[in-house]
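Trainee: Could you take a close look at one spot in this model with me? After that, I'd love to hear how you would read a few other parts in the same way.

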Number of protein chains: 2
Amino acid sequence: MPAMSKTSAHPLAEALRARLGAADVLTEPARIAPYMTEQRGQFPGQGRLVARPADTDEVAATVTLCRQHGATVVAQSGNTGTVGGGSPRHGDEVVLSLERMQRIRSLDADDGLLIAEAGCTLADLQEAAAAAQRFFPLSLASEAQCRIGGNLATNAGGLNVLRYGNARNLTLGLEVVLADGRVWSDLRGLRKDNSGYDLRDLFIGSEGTLGIITAAALRLLPPPRSRRVALLALPRLEPALALVRTAQAESGDAVVGAELMSAEALGMGQRLDDTPENPLPGSPWYLLLELATADPRADLDEALAAALEPAEAAGDLADALLAPTEAAAERLWRLRTAIPDGQKRAGASIKHDISVRPGYIAAFVPEALAAVTELDPAVRPCIFGHVGDGNLHFNLSQPEHAPPEAFQARAGTFHRAVHDVVRRFGGSVAAEHGVGQLKRDEVARCADPVGLELMHRIKHALDPENLLNPGKGAAAAHAASAAPPGSGAPS
Amino acid sequence: MPAMSKTSAHPLAEALRARLGAADVLTEPARIAPYMTEQRGQFPGQGRLVARPADTDEVAATVTLCRQHGATVVAQSGNTGTVGGGSPRHGDEVVLSLERMQRIRSLDADDGLLIAEAGCTLADLQEAAAAAQRFFPLSLASEAQCRIGGNLATNAGGLNVLRYGNARNLTLGLEVVLADGRVWSDLRGLRKDNSGYDLRDLFIGSEGTLGIITAAALRLLPPPRSRRVALLALPRLEPALALVRTAQAESGDAVVGAELMSAEALGMGQRLDDTPENPLPGSPWYLLLELATADPRADLDEALAAALEPAEAAGDLADALLAPTEAAAERLWRLRTAIPDGQKRAGASIKHDISVRPGYIAAFVPEALAAVTELDPAVRPCIFGHVGDGNLHFNLSQPEHAPPEAFQARAGTFHRAVHDVVRRFGGSVAAEHGVGQLKRDEVARCADPVGLELMHRIKHALDPENLLNPGKGAAAAHAASAAPPGSGAPS
């Protein structure tokens with residue numbers, strides 16, 4: 001593999017400049033710095049070259065030139081990921097940024113079909129849909145910055161999964177640049193096609209290791225015409241899931257969000273100046289429910305009352321409040337969305353993005369709490385998440401008045417303790433954020449080895465030279481788990 | 001490869017008997033005959049051995065013994081497929097029947113989770129769900145006979161796809177016996193898991209060529225509490241999709257079925273003695289709408305009225321009728337479900353299971369009609385299907401009073417003519433029935449060669465010895481298309 005010099009005169013940079021134009025092949029340290037690490041700075045990368053192709057042909061040309069020059073390729077779009085999946089690791093990795101590919105190629109409101117390039121931000125797509133009286137339901141905290149290519153590469157979840165599914169469920173087709181520089185394209189917008197293996201869902205969630213998603217055909221829905229947001233205070237965790245399920249049935253599947261929050265997590269959000277006060281203090285658990293429907297005749301209040309009254313009568317609901325206006329609904333939501341930033345104010349944190357069968361959540365939480373308090377009784381759990389999907393952000397904040405570094409240094413110990421409980425409940429240690437670099441070793445430890453080996457075979461079949469995002473994701477986890485101790489995991 | 005003798009004394013049969021018991025290894029011609037061909041008799045197979053394992057371990061042992069004896073394996077469950085995917089082709093193919101694996105391993109109504117073995121009939125699963133006050137939405141004409149293993153291997157569609165999706169969308173996980181006899185199992189019932197490539201969706205729809213599905217974790221939903229069925233008579237085809245989309249929006253996505261029928265197709269159903277008369281004669285197109293919801297307060301009649309009134313005012317709706325009782329609803333549905341059997345009474349038929357973007361249906365139909373009437377002006381088209389999904393059964397019946405064999409002999413010519421129009425519209429020639437043997441050559445001709453080549457690589461990665469269902473499906477289509485003319489496609 002030719003060594004890449006520190007100047008911009010190395011052969012690959014020259015070749016890329018000849019193809020993409022000089023302005024979109026970056027090598028100056030100050031200009032490439034933002035592409036080298038993810039937002040939390042946890043995975044500082046050593047790459048020296050950023051290519052910013054303008055279209056699919058240029059992506060294909062970039063991949064081909066990298067292969068010819070012995071360089072590997074890390075695709076990056078919004079760079080908002082949390083697991084280090086989009087950061088380069090070595091100097092011979094080229095960051096292929098999709099940020100210039102921002103075209104909406106077509107939007108057909110009647111057909112509910114949006115074809116967009118990978119560099120469109122999620123917010124851009126939401127707005128384009130709304131302008132056509134349609135609705136693109138994917139919604140994430142980072143929606144102003146994240147881009148649809150990364151959303152698809154990580155099969156992003158977010159706040160509406162309960163009703164509309166992950167990014168996967170909103171996608172009808174993809175355009176993908178393969179490791180050999182060819183393009184596989186299915187942007188036909190078909191709703192049904194059983195003419196072969198499901199390549200679409202194989203690329204979705206593969207974290208840039210099987211191909212580079214350059215465009216997608218996405219489903220648009222009728223926009224909701226009514227919406228209700230309620231905050232429920234629960235005397236205990238056990239009835240939370242049944243409440244969600246009852247609300248789903250009573251409303252004809254109109255529950256779009258169901259966010260569980262521990263009192264401690266809600267309290268973390270209160271550390272921010274702009275967070276409203278908790279209007280229902282004193283309960284150990286809270287549930288934020290949002291119902292929405294395109295049906296103009298639906299009575300969501302009645303549906304909610306029908307779901308809550310039996311729980312109230314059974315003592316499973318301490319109190320509940322409904323937002324009477326849109327602004328009040330936003331204030332209730334802010335109780336939930338403030339938690340991640342609020343947690344930052346509480347010092348160092350160790351995070352877990354886990355899922356178990358939804359019905360196991362109530363049994364999982366006390367066991368996982370016991371495991372972490374056994375390690376450190378002063379640890380401050382900050383538990384919130386998507387209870388209807390069985391997906392919790394089982395986060396931990398450092399003990400008060402303790403040095404952050406000491407807590408952070410124990411991350412691996414806490415990860416293993418929480419993930420061991422996840423394993424006992426047959427859960428996943430990477431529910432919605434992907435594997436990237438952060439989860440690679442824990443996936444290697446916790447996931448089914450037969451599945452990992454199959455993923456490794458598929459990776460080898462589609463990218464035999466290990467050109468695309470090497471060392472990331474589950475296929476790399478197989479390599480890590482299969483390597484003999486001390487040999488160093490192959491990258 | 002050891003030749004298999006015609007007697008039951010060949011070594012593989014003996015080895016299988018030692019493992020499965022003599023009663024479930026069949027070699028007598030009269031006993032194996034029902035497994036050798038599909039229901040229409042189009043793909044008479046030459047296999048000589050049927051193994052009926054009782055559990056996953058026995059499936060794994062059967063696969064291993066077949067491999068050791070140089071035999072290939074065709075998985076079969078209900079044997080109701082229409083494309084020859086479950087029929088053996090050669091004498092060295094062993095039919096592995098999953099019909100004895102009929103256990104429901106668990107059913108959790110609160111969690112909406114059913115874990116069932118591949119040999120359960122679809123009707124059994126529907127009934128088990130109903131007994132637990134839950135609903136399993138997959139619904140097909142053959143539901144009393146078809147088994148969930150085959151439904152998943154073919155990603156079955158059916159009558160409810162518009163609202164609930166294909167078999168794929170109702171599946172949370174699988175247990176699969178691999179080509180090397182290992183078992184990959186994910187029956188954890190997780191709603192969210194981004195810890196690796198999407199193996200589940202790769203196996204679903206792979207027609208037994210990548211692994212043998214032995215069990216599945218399936219989603220259960222709240223049962224519908226109200227239901228409305230309406231027949232709409234349309235003066236022309238163009239407004240059909242907009243009517244469906246408006247009904248979806250007005251009802252809060254409660255349209256579970258939207259079946260388009262040409263007057264000719266509806267007339268075919270009238271050939272059966274038990275079919276009710278068409279209550280709205282005289283229109284060229286009909287739409288059967290079913291709305292259903294779990295919301296006890298929903299007013300489906302109002303939603304339907306809101307969807308139909310603008311169409312009526314615009315002259316896009318000739319007439320409409322609502323079924324006032326369950327029995328009346330069944331009679332309206334019978335107009336649609338009678339079509340396939342009615343078409344049999346009209347002599348030889350040539351069928352196409354195609355999809356295009358839903359918005360292209362109205363333009364596709366006249367072009368495809370022109371293509372077939374150019375070949376034979378006396379051909380009788382019988383067009384019906386799932387218009388909201390863009391999936392039509394574009395079937396043709398022979399000219400009246402003509403010899404059936406002469407028409408059947410032209411099947412390839414008609415297939416190519418219809419599929420050429422499908423290609424022009426960017427559609428699929430195998431929308432919901434799979435590829436099997438029937439569609440292999442047309443998929444080879446019409447599908448994207450890059451995609452076929454990727455499928456072939458995946459097949460080779462997971463089944464390097466081509467042990468599982470050789471010669472079927474899209475990966476085999478690649479082999480067929482890649483073979484030089486006259487060389488014979490590799491099996």
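**A close look at A:Ser397**

Mentor: Happy to! A:Ser397 is buried, with a relative accessible area of 0%. Please keep in mind that this is a predicted model. As for its place in the fold, A:Ser397 belongs to strand β17 of chain A, which covers residues 391–397. Its side chain has a polar partner: the side chain of A:Gln343 makes a polar contact with the side chain of A:Ser397 at 3.1 Å. A:Gln343 also appears among the residues that A:Ser397 touches once those up to four places away in sequence are set aside. The others in that set are A:Met268, A:Ala346, A:Ala348, A:Ser349, A:Val379, A:Arg380 and A:Phe407.

Let's stay in chain A for another buried side chain. A:Phe364 sits in helix α13, residues 361–375, and it counts as buried because its relative accessibility is 0%. Leaving out neighbours within four places in sequence, A:Phe364 is in contact with A:Ile354, A:Val356, A:Phe394, A:Val421, A:Val422 and A:Phe425. For a sense of distance, the C-alpha atoms of A:Phe364 and A:Ala242 are 16 Å apart, with their positions 122 residues apart along the chain.

What relates the two chains? Chain B superposes on chain A after a rotation of 180° with 0.0 Å of shift along the axis, at an RMSD of 0.0 Å. That is the relation of a two-fold axis. Both copies use the same surface, as 100% of the contact residues of chain B recur in chain A.

Over in chain B, helix α10 is a good one to follow from end to end. It runs over residues 300–313, has 14 residues, and spans 20 Å from first C-alpha to last, close to the 20 Å expected at 1.5 Å a residue. At its start, a side-chain oxygen of B:Asp299 comes within 3.2 Å of the backbone nitrogen of B:Asp301. Its buried residues are B:Leu300, B:Ala303, B:Leu304, B:Ala307, B:Leu308 and B:Ala311. Their cover includes β10 (226–234), α8 (240–250), β12 (285–293) and β13 (319–322) of chain B. Just after the helix, B:Gly315 takes a positive phi of about 80°.

Helix α11 of chain B, residues 326–337, has twelve residues and reaches 16 Å between its end C-alpha atoms, close to the 16 Å expected. Buried here are B:Ala328, B:Ala329, B:Leu332, B:Trp333, B:Leu335 and B:Arg336. These residues lie on the same side of α11(B) because they cover an arc of only 140° around the axis.

Loops can hold buried residues too. B:Val429 lies in the loop between α15 (411–424) and α16 (440–446) of chain B, yet it counts as buried at 6% relative accessibility. Beyond its neighbours within four places in sequence, B:Val429 is in contact with B:Asp353, B:His419, B:Val422, B:Lys439, B:Glu442, B:Val443 and B:Cys446.

Finally, a word on cysteines, since you may wonder about bonds between them. B:Cys66 is buried at 0% relative accessibility, and B:Cys120 is buried at 1%. For B:Cys120, the closest cysteine sulfur is in B:Cys146, 12 Å away, so the two are too far apart for a bond. The cut-off for a disulfide is 2.5 Å between sulfur atoms, and the count over all chains comes to zero.

Note on methods
Residues numbered from 1 in each chain as written. Chains lettered and ligands numbered in written order. Predicted model: local features only at pLDDT ≥ 70, side-chain atom pairs only at ≥ 80, totals over all residues. Heavy atoms only, no water. Buried < 20%, exposed > 50% of the residue type's maximum accessible area, 1.4 Å probe, protein only. Helix = DSSP H or I, 4+ residues; strand = E, 2+ residues; numbered from the N terminus. Expected span 1.5 Å × (residues − 1). Arc of directions from axis to C-beta. Polar contact = N/O pair within 3.5 Å; in protein donor to acceptor, adjacent residues only side chain to side chain. Contact = heavy atoms within 4.5 Å. Least-squares fit on C-alpha atoms with pLDDT ≥ 70 in both.
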